[in-house]
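Student: Please take a close look at one part of this model, the packing of its helices. Treat it in one connected account, with the cut-offs stated.

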Amino acid sequence: MSNSLEFPWLSALVLLPLLAAFGIPLLPQSRWARWYALAVGALDLGLMVYVFGRHYNLQDFSLQLAERYAWVPQIGLHWSLAVDGLSFPLVLLSGLITTLAIVAAWEVADKPRLFFFLLLLMYGAQVGVFLAQDLLLFFLMWEIELVPVYLLISIWGGPQRQYAATKFLLYTAAASIFILVGSLAMAFYGEGFSLEMAELGAKSYPLALQVLAYAAFLIAFGVKLPIFPFHTWLPDAHSEASAPISMILAGVLLKMGGYGLIRLNVGILSEAHVSFAPVLAVLGTVNIIYGALGALGQNHLKRRLAYSSIAHMGFVLIGIATFTELGLNGALLQMISHGLIAAVLFFLTGITYERTHTLALDKLGGLAKQMPKTFALFTAGALASLALPGMSGFVGELTVLLGWTTSDAYAPAFKAGVALLAAVGLILTPIYLLSLLRQVFYGAQDPGLVLEEYLGDMRPREMAVALCLLLPILGIGLYPRLATQTYDVTTVAVAAQLRSVLPTEIVQRPLLPVQPAQVAALPPTD
């Protein structure tokens, strides 16, 4: 772990939105809450860009800007933060999407103080999850994030909001117990009690304990990702949540599950990962096929997009299961790409709902003439989601599949089967997305559909939010190094660690050529 600078930059990133949230009740007028929240969100995002731009070394795979303070030493809780290639891009993604969600929620008139208070609280907790290096702190931030989401759905959601919010809380809160169980099992093993991730990673665990801890974490993170069959809370949550909350839910919260799998299951429990990786590949394939077929069967716009998210997260699981640098790169790139794409699609869905007051696909149609700007941007987002070349979705899914097909850790028949089924998912994706565009924007307008004419097409504020998400999608699609340079050296090190625990006959097989600079960045082996 590299030495921290004197100023606690990472603590500032976490605490700024958390502490600033408590200033909202003190504002003299409730309409100032949105401006206050936007200022805090933009300031935190700007601080992220400054800190990572000035003080983060892209060529160093170790933890950087490390901070560690004794918080509650009696229970082993330390305020321990650090950043590396796994967390760097996800922290930025969280800051960007949450700040844009604040702008998207500009017209919230019901209890605006409470709404923006909860948004800022969730903002800080998300950043804390990605930066925490103490598992108890990680668990605490994970839990803090649950309460705002529950309230934001249950108060500002749709007609079935109480059901959806309660289901979300029951699933995710119950699953998060497994984080605590797995963490304590590892902490109590051996000499000394510690919940520091670095110290836990340095311990040598028996395989049986690793398998149990891996299974516990897989359940916890599998619910969040989500993995079939723990996915059923997601369509309900999306269908009832308002557009800004769906943006954060799909763009950031699902990525916490993928991040946890890579950070803990792969990074600390590598030997158990050898046994579980084929299971992850199968589950990823199931996600892809089930999510795509489920999307085809939905008549509700947001539920179709929710099932699409389940399918796209399947590629993350396959990438994690590859044992290759290319596959891990693809998994992270897929998380970043899907975060941006899902956020813009759910935002545009919210714009459509504001004008039509319905999300039933059989009641929509013919909106392209009345809402040409929304139609154009929705089409761009859908094309990115179906992996059109030149957009980030294509690069992420292609990298995962290349990592999978070049992996030497599996029998050729198994690799071919997974690749073939994933390809079927790629074929189904354009079908349900292009069908969605046809049902919403093409054909004759439903006679019973009444548009809110006074709202018109997209306004400048809404255009700005959509473009702030679509431009990075296009930029990453045309030049993937915009994203991959933030984590390249880290995925090289993680892949090398994984290969060190593979059977000897597999390790001796040649992999794809690795650049000399990447070899130099690898940690020394014993």
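Tutor: What follows deals with helix H3 and its two packing partners, then with another helix pair and one single helix.

This is a predicted model, in which local features need pLDDT of at least 70 and side-chain atom pairs count only at pLDDT 80 or more, while totals for chains, interfaces and linings use all residues. Residues are numbered from 1 along each chain as its sequence is written, and side-chain values use heavy atoms, with hydrogens and water left out.

Helices are DSSP runs (H or I, at least four residues), numbered from the N terminus. Two packed helices are described by the angle between their axes and the distance between the axes. Axes here are lines fitted to C-alpha atoms over the stretch in contact, and angles run from 0 to 180 degrees between N-to-C directions.

Helix H3 (residues 88-104) packs against helix H10 (residues 243-266) at about 165°, the axes being 8 Å apart. H3 and H10 are therefore roughly antiparallel (an angle over 145 degrees). Their crossing is left-handed, a term for a near helix turned anticlockwise from the far one by less than a right angle. In contact (heavy atoms within 4.5 Å) are H3 residues including Leu93, Ile97 and Ala101, and H10 residues including Met247, Gly251 and Lys255. By class, this contact has eleven nonpolar, three polar and one charged residues. The nonpolar class is Ala, Val, Leu, Ile, Met, Phe, Trp, Tyr, Cys and Pro; Asp, Glu, Lys and Arg are charged, and the others, Gly among them, are polar.

H3 also packs against helix H4 (residues 112-131), at about 175° and with the axes 9 Å apart; this pair is therefore roughly antiparallel. Leu90, Ser94 and Thr98 are among the H3 residues that meet H4, and they are also among those that meet H10. On the H4 side the residues include Phe116, Tyr123 and Phe130. The contact has ten nonpolar, five polar and no charged residues.

Helices H13 (residues 325-356) and H15 (residues 372-385) have axes that come within 9 Å and cross at roughly 150°, and are therefore roughly antiparallel. This crossing is left-handed. Contributors include Leu345 and Leu348 of H13 and Phe378 and Gly381 of H15, in a contact of nine nonpolar, five polar and no charged residues.

Lastly, the 22 residues of helix H5 (residues 135-156) should span 32 Å at 1.5 Å a residue, and the end C-alpha atoms are 32 Å apart, which agrees. The expected span is 1.5 Å times one less than the number of residues. At the start of H5, a side-chain oxygen of aspartate 134 comes within 2.8 Å of the backbone nitrogen of leucine 136.

Technical notes. Helices (H or I, at least four residues) and strands (E, at least two) are DSSP runs, numbered from the N terminus. A polar contact is a pair of N or O atoms within 3.5 Å; within protein, one must be able to donate a hydrogen and the other to accept it, and residues adjacent in sequence count only if both atoms are side-chain atoms. Angles under 35 degrees count as roughly parallel, over 145 as roughly antiparallel, 65 to 115 as roughly perpendicular and the rest as oblique.
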